[in-house]
Amino acid sequence: MEFSRKSLVIKMLISAIFLLGLSSSSVAEFRVARHATTSTTIEYPALNCRKHSAVLTEFGGVGDGKTSNTEAFKAAIANLSQLAADGGGAQLVVPPGKWLTGSFNLTSHFTLFIHKDAVILGTQDESEWPHLPVLPSYGRGRDAPNGRFSSLIFGTNLTDVVITGNNGTIDGQGAYWWKKFKEEKLNVTRPYLIEIMYSSQVQISNLTLVNSPSWNVHPIYSSDIIIQHLTILAPVDSPNTDGIDPDSCTNTKIEDSFVVSGDDCIAVKSGWDQYGIKFNMPTKNLVIRRFTCISPDSATIALRSEMSGGIEDVRAKDITAINTQSGVRIKTAVGRGAYVKDIYVRRITLNTMKYVFWMTGSYGSHPDPGFDPKALPVIKGINYRDVVADNVTYSARLYGIENDPFTDICISNVNIKLTSKPKELQWNCTNIQGVTNQVTPEPCNLLPEKEIDCPFPEDRLPIDNVKLKTCSISGNF
């Protein structure tokens, strides 16, 4: 791993697990059976099991960490795609070894299974990363105005796709890309580790992702997504290494995962300014639970600033953060338009934080000068309850927009203990409206006391009704 602060990250991991209590329920269970013939069968949970199966070595894969396997991945997936067309689906097993590769595309009714002793390595040969056009809801690349590199594992217009393993590893070898970004030598946007577009029935689970060139997991314009049991690690000073970024997605579940990041651990998005407004695809019906974050310079969960398609009905609970800049942060600006509404957060445990509550109405990054200054975002129905925080510098910075206040904010049952040298003004509030109940330190006068328990929905979203099946792979692993 390319951690510039490796010992610090290890200490953070230990602290997060033992001080803040990553529960044993966050670890997926796998059954491994070894047979007398030395063949091994591994059972794993998935949306669907597959009739056809192959191993990467059958298509010329070489797991020495030096040989490019881009063509082997492409050949394997092309072959299995034809077999999957009979309705039985297909799976590709990445066996033990180090598998250097450039970008490759997945197919429908397909499982990519990464063995626990396998590492997929992202190549630093840029010729093996195809260029893609900019995302229509963004209008330009995030790093540069032109196109973008395809993600290491990419898929578009898919149905029923699973990326999983028994804790196999995907290593983006990001230091090469971080250096180019910091030196402003990029003409197109850096690749992500995993990106799935215009797809449905997606599962990403039981993997370790390290050193992504930029964002780690980016489902976009998609629906019915399960993301669970991920460990995502990047140096805390690496640029834009967001953990999980659901973007213009519906019916998504993120759970039982752990992120150490140089940016937001989860960033909920839906497009940027006039491009997102025109594309008009919100992120909605999002469940986040049993999630742990370390990110000293960013948020645990950001409802952020590329939100011009709208964000609504987000339900986050049982969230832990340590040595992280903020808890659940809202970022927006004049020109974004759309809305962030019906946000529900409960049972949050925070330790060593700069801010507990942070809302920003002046996050002024724009794709180009063509944004509409009359496009004002609507921020309302923001609910936080049952929050415990220790070693905090600021309790809250809540900044709405002049003539466009953030409304219907509810904060209840919150106990914040301050650092030894806290800021004198603990609640800094402008252009907001709401209520609080049983909150310490005492909130600002724009959030008066009212006897209320802030709401959290008890109904189940459709994604929680999806049941995974027990599937298996067999081989001499």
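Helices (H or I, at least four residues) and strands (E, at least two) are taken here as DSSP runs, numbered from the N terminus. The structure is a predicted model, in which local features need pLDDT of at least 70 and side-chain atom pairs count only at pLDDT 80 or more, while totals for chains, interfaces and linings use all residues. Residues are numbered from 1 along each chain as its sequence is written, and side-chain values use heavy atoms, with hydrogens and water left out.

**Loops and backbone angles**

In the loop between β29 (432-440) and β30 (469-475) lies Pro441, which is joined to Thr440 by a cis peptide bond with an omega of about -5°. Two further loop residues have a positive phi although neither is a glycine. For the accessibility values in the table, buried means under 20% relative accessible area, exposed over 50%, and partly exposed in between (1.4 Å probe, protein chains only).

| Residue | Loop | Phi | Relative accessible area |
|---|---|---|---|
| Asn157 | between β12 and β13 (159-165) | about 55° | 56%, exposed |
| Glu184 | between α3 (175-182) and β15 | near 55° | 72%, exposed |

**A parallel sheet**

Strands of a sheet pair through backbone hydrogen bonds, either parallel or antiparallel. In this model, where two strands pair if DSSP finds at least two bridges between them, four strands form an open sheet in the order β7-β12-β15-β17, and the pairing is parallel. Strands β7 (104-105) and β17 (217-220) stand at the edges, each with a single partner strand, so one side of each has no neighbour in the sheet. Within the sheet, β12 (residues 153-156) and β15 (residues 194-197) run parallel and are joined by four bridges, and Ile153 stands opposite Ile194 in β15.

**Nonpolar cores**

In soluble globular proteins, nonpolar side chains tend to be buried together. A nonpolar core is defined here as a set of buried Ala, Val, Leu, Ile, Met, Phe, Trp, Tyr and Cys residues joined through side-chain atoms within 4.5 Å. The largest such core has 92 residues, and those with the most contacts inside it are Leu106, Leu112, Ile170, Ile288, Phe291, Phe357 and Trp427. Strand β25 (residues 339-360) provides the largest share of this core, namely nine residues. Apart from this core lies another one, of 14 residues, which includes Tyr44, Phe113, Cys471 and Ile473.

If contact is taken to mean heavy atoms within 4.5 Å, and residues up to four places away in sequence are not counted, the residues that Phe357 touches include Tyr384, Val387, Leu398, Ile411 and Trp427.
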